[in-house]
Amino acid sequence: MTRIMDRNMPRAFVIAAALLVAQPVLAQTPAATAPAEAPASQFQRDRQSILTQAGQWRVRFDMRENVSFREGYEPLEEKLSAGDEIVRVVYDDGDRISLQHILVMGDDAGNHFVVKHWRQDWVFEPETVLTYAGPNRWTLTPVDADQRRGAWAQTVWQTDDSPRYGGVGRWSYDHGVAEWTGAPTWRPLARRDAVRDPVYDRYLGTNRHALTPVGWVHLQDNVKMGPSGGDDGDLTAIVQEDVINTYRKVDTYDPTPGDAYWAATKDYWAGVRAAWDEAIVASGGLYLEEEANRGAVTGKPLMDWAVEVQDGKLTTEAAIAEARALIARATVAP
């Protein structure tokens, strides 16, 4: 296990950063290499591309503001960091796949700690997708028949399984590259930006996931947006940011602590996911307050209860009951 390295990124991001209910199943991690034989269909090829993102990785996070669109705004210096992260299959129901990211970090003294990171859910030809609708709000957005034909929705969830953003796109295999490109989507500020009280309050981002010879890469083109200052409530572009997160297959650290955490807490997290999904379906979306330093207000207690479950201080059933009560309280709009 290697020590996480972070020259510029806030510790809170490294530790904590990052609609359809399905029962989780324990699945084997697919290899990060292409199959010997071509898949039987585009659908099967897409599935293989998604599942290839599961594995044991060394991740490099590279975030750079490049172009300012507002007079007087100077782009920030790049933020670079790296860490060890496993990605495990939560469930694979054919046209629905869920992948859980888990950071497995250590120090030079041999100590280690594990952080449940972000989750990505994939749904083939979705009828709806959960999208960010502005500060503290998400909505279930219908997907037109033409838009969803042959497409996959990707929904990204935060460390406590509360929503972050969702979008629809297609896998392509042109020029020897397996790549999914989503349509531009709104998304809330990441903590690395929220803690600075910036002039922007959301991103308009485009996602790409592409396979590489050594793993895969998550590419983001984010335009950071803020109020224009007029009475019409329009948004204006402040600065453009590139995010390049590369996942390189390695076996230089022991993934056991991360797998032990997931084995002990996966049933608890299944209950948490179900509670979020029920709240979303009941309201056709979600209201949930976020805080700059911690993200969703539900984040710390939901994460803490998982640790107590793993340590044997709280039963899974009791933890799920606490989580359901918390989510019910936190999702009541004012």
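The following is a conversation about a predicted model of a protein chain.

Student: What does the chain contain in helices and strands?

Tutor: The protein chain has seven helices and 17 strands. Please bear in mind that the model is predicted.

Student: How much of it is buried?

Tutor: Of the 334 residues in the protein chain, 51% are buried. The accessible surface amounts to about 15200 Å², and carbon and sulfur atoms account for 50% of that.

Student: Let us turn to the sheet of three strands. What is its order?

Tutor: The order is 6-7-15, in an open sheet with antiparallel pairing. Strand 6 (128–134) and strand 15 (285–287) are the edge strands, each pairing on one side only. From one strand to the next, the twist averages 20°.

Student: How many bridges join strand 6 to strand 7?

Tutor: Six bridges join them, and strand 7 covers residues 137–142. Tyr-132, for instance, has Trp-138 in strand 7 as its bridge partner.

Student: What sits in the loop between those two strands?

Tutor: Asn-136 lies in the loop between strand 6 and strand 7. Its phi is near 70°, which is a positive value in a residue other than glycine.

Student: And which helix lies across the sheet strands?

Tutor: Helix 5, residues 256–283, lies across strand 6, strand 7 and strand 15. Relative to strand 15, helix 5 runs at about 105°.

Student: New topic: how many aromatic pairs are there?

Tutor: The count comes to nine aromatic pairs. One of them is formed by Phe-43 and Phe-124, with 4.8 Å centre to centre and 55° between the planes, a tilted arrangement.

Student: Where do those two residues lie in the chain?

Tutor: Phe-43 belongs to helix 2 (residues 42–51) and Phe-124 to strand 5 (residues 112–124). They are 81 residues apart, and the pair thus links distant parts of the chain.

Student: Which other ring does Phe-124 pair with?

Tutor: Phe-124 also pairs with Trp-152, again tilted, at 5.1 Å centre to centre and 50° between the planes. Phe-124 lies in strand 5 and Trp-152 in strand 8 (residues 152–157), so this pair ties together parts that are 28 residues apart in sequence. Ring pairs therefore link Phe-43, Phe-124 and Trp-152 into a cluster.

Student: Within that cluster, is Trp-152 buried or exposed?

Tutor: Trp-152 counts as buried, because its relative accessibility is 0%. Phe-43, by contrast, is partly exposed, with a relative accessible area of 24%; the buried class requires a value under 20%.

Student: Which charged ends sit over rings?

Tutor: Among them is the charged end of Lys-116, which sits over the ring of Trp-269 at 4.1 Å from its centre. Lys-249 lies over the face of Trp-57, at 5.9 Å from the ring centre.

Student: What about Arg-58: buried or exposed?

Tutor: Arg-58 counts as buried, because its relative accessibility is 18%. It is found in strand 2 (residues 55–68). Arg-58 and Thr-246 are 188 residues apart in sequence, yet 8.0 Å apart in space, C-alpha to C-alpha.

Student: Back to backbone angles. What is the phi of Asp-197?

Tutor: Asp-197 has a positive phi of about 50°, although it is not a glycine. Asp-197 is placed in the loop between helix 4 (191–194) and strand 12 (202–212).

Student: And is Asp-197 buried or exposed?

Tutor: Asp-197 counts as exposed, because its relative accessibility is 69%.

How values were computed:
Residues are numbered from 1 along each chain as its sequence is written. This is a predicted model: local features need pLDDT of at least 70, side-chain atom pairs count only at pLDDT 80 or more; totals for chains, interfaces and linings use all residues. Side-chain values use heavy atoms; hydrogens and water are left out. Helices (H or I, at least four residues) and strands (E, at least two) are DSSP runs, numbered from the N terminus. Buried means under 20% relative accessible area, exposed over 50%, partly exposed in between (1.4 Å probe, protein chains only). Accessible areas come from the Shrake-Rupley method with a 1.4 Å probe; for residues, only the protein chains shown count as cover. Two strands pair if DSSP finds at least two bridges between them. Axes are lines fitted to C-alpha atoms, for helices over the stretch in contact, and angles run from 0 to 180 degrees between N-to-C directions. Contact means heavy atoms within 4.5 Å. Rings of Phe, Tyr and Trp (its six-membered ring) pair if their centres lie within 6.5 Å; planes under 30 degrees apart count as stacked, over 60 as edge-to-face and the rest as tilted. A charge sits over a ring if NZ of Lys or CZ of Arg is within 6 Å of the ring centre and within 35 degrees of the ring normal.
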